Amino acid sequence: MNQSHFSFIQGPVSPQKIVEEIQLYDSEKQTGAYSLFLGQVRSDVINGKEVRAIEYTTYKKMVLKKFDTLSTRLFEAHDINGLRVIHSLEMVPCGGISLMVLATAGHRVAAMEACREAVDLIKNELPIWGKELFEDGEHVWKENN
Amino acid sequence: MHIYLFGILEEVTGQKILEARYFDSSDKLIRSLKENIPSLNEYSFQVSVNQEIVTEDTPLTDQDEIALLPPFSGG
């Protein structure tokens with residue numbers, strides 16, 4: 001199994017898919033800790049209107065290139081043995097999972113720190129855009145803080 | 001040159017890819033694009049050359065892949 005892996009999925013990440021990702025490590029006997037982050041589309045209220053879904057688009061070629069650099073940095077900084085990321089594209093309704101980050105390590109601290117850092121890097125440095133859609137058909141472009 | 005637009009920039013220009021004549025530096029290219037497409041002046045964006053973000057004026061070849069990247073909002 002590759003040490004790090006990034007994939008896009010059309011629509012929400014299903015619970016079944018997340019289970020399958022965890023099961024990939026069943027045979028990795030050096031793994032003692034998993035840290036899993038799931039990002040879910042939240043029903044924010046913006047200017048009195050409720051968000052019903054987010055539509056994601058990306059610059060895929062750049063994401064894959066940047067992810068290689070980011071994961072190299074994370075493997076150098078933390079004693080982890082695996083990093084797997086799934087991000088949604090297209091429409092994810094509120095309550096749907098749009099991001100999964102799974103870091104594995106021999107011990108918990110490395111897994112948790114790498115997972116947290118990976119989430120921040122993914123949100124800040126990967127060219128992915130979310131359009132928040134309202135019930136009335138209007139939308140706004142999301143911006144990460 | 002092909003310039004790829006994303007997110008809100010694709011929406012406001014109605015174009016995914018812009019065709020521009022060759023400029024030998026990123027600053028010259030961006031200046032020309034902003035003159036020809038005034039709506040680009042209303043939005044903040046970063047520029048990438050061959051999938052790397054550039055923050056200073058950068059020499060260009062006519063084979064370079066340029067993209068205009070509005071603020072990211074993945075996750």
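A residue here counts as buried under 20% relative accessible area, exposed over 50%, and partly exposed in between. Keep that in mind as you click along, and remember that this is a predicted model.

**Stop 1: a long-range pair in chain A.** Select A:Asp136 first. At 47% relative accessibility, A:Asp136 is partly exposed. Now add A:Lys49, whose side chain meets that of A:Asp136 in a salt bridge, 3.1 Å from N to O. A:Asp136 sits in the loop between β7 (128-134) and β8 (139-141) of chain A, while A:Lys49 belongs to strand β4 (residues 49-58) of chain A, so the pair ties together parts that are 87 residues apart in sequence. A:Lys49 is also partly exposed, with a relative accessible area of 28%.

**Stop 2: along a helix.** Move to helix α1 (residues 15-23) of chain A, which holds both A:Glu21 and A:Lys17, 4 residues apart, or about one turn of the helix. These two form a salt bridge, with their closest N and O atoms 3.6 Å apart. Is A:Glu21 buried or exposed? A:Glu21 is buried, at a relative accessible area of 4%, whereas A:Lys17 is partly exposed at 25%. Add A:Arg84 to the selection to see a network of salt bridges linking A:Lys17, A:Glu21 and A:Arg84.

**Stop 3: a nonpolar patch.** Next, select A:Ile22, A:Tyr34, A:Leu36 and A:Leu38, which form a nonpolar patch on the surface with about 300 Å² of accessible area together. Strand β2 (residues 33-40) of chain A gives the most to this patch, with 3 residues. One residue to pick out is A:Leu38, which lies in strand β2 of chain A and is partly exposed, with a relative accessible area of 36%.

**Stop 4: the sheet of chain B.** Switch to chain B and look for an open sheet of 5 strands in the order β2-β1-β5-β3-β4, with mixed pairing. Its edge strands, β2 (17-19) and β4 (52-54) of chain B, each pair on one side only. From one strand to the next, the twist averages 30 degrees. Zoom in on strand β3 (residues 46-49) of chain B, which pairs with β4(B) in the antiparallel sense over 3 bridges. There, B:Val47 stands opposite B:Val54 in β4(B).

Then show helix α2 (residues 26-36) of chain B, which lies across β1 (2-5), β2, β3, β4 and β5 (66-69) of chain B and runs at about 60 degrees to β5(B).

**Last stop: a charged pair in chain B.** Select B:Lys16 and B:Glu10, which form a salt bridge with the closest N and O atoms 3.3 Å apart. B:Lys16 is exposed at 54% relative accessible area, and B:Glu10 is partly exposed at 26%.

Conventions:
Residues numbered from 1 in each chain as written. Chains lettered and ligands numbered in written order. Predicted model: local features only at pLDDT ≥ 70, side-chain atom pairs only at ≥ 80, totals over all residues. Heavy atoms only, no water. Pairing = 2+ DSSP bridges. Helix = DSSP H or I, 4+ residues; strand = E, 2+ residues; numbered from the N terminus. Axes fitted to C-alpha atoms, helices over the stretch in contact; angles between N-to-C directions. Contact = heavy atoms within 4.5 Å. Patch = residues over 30% accessible without salt bridge, like charges linked within 9 Å, V, L, I, M, F, W, Y side chains within 5 Å. Areas by Shrake-Rupley, 256 points an atom, 1.4 Å probe, with all protein chains shown as cover. Salt bridge = Lys/Arg side-chain N within 4 Å of Asp/Glu carboxyl O. Buried < 20%, exposed > 50% of the residue type's maximum accessible area, 1.4 Å probe, protein only.
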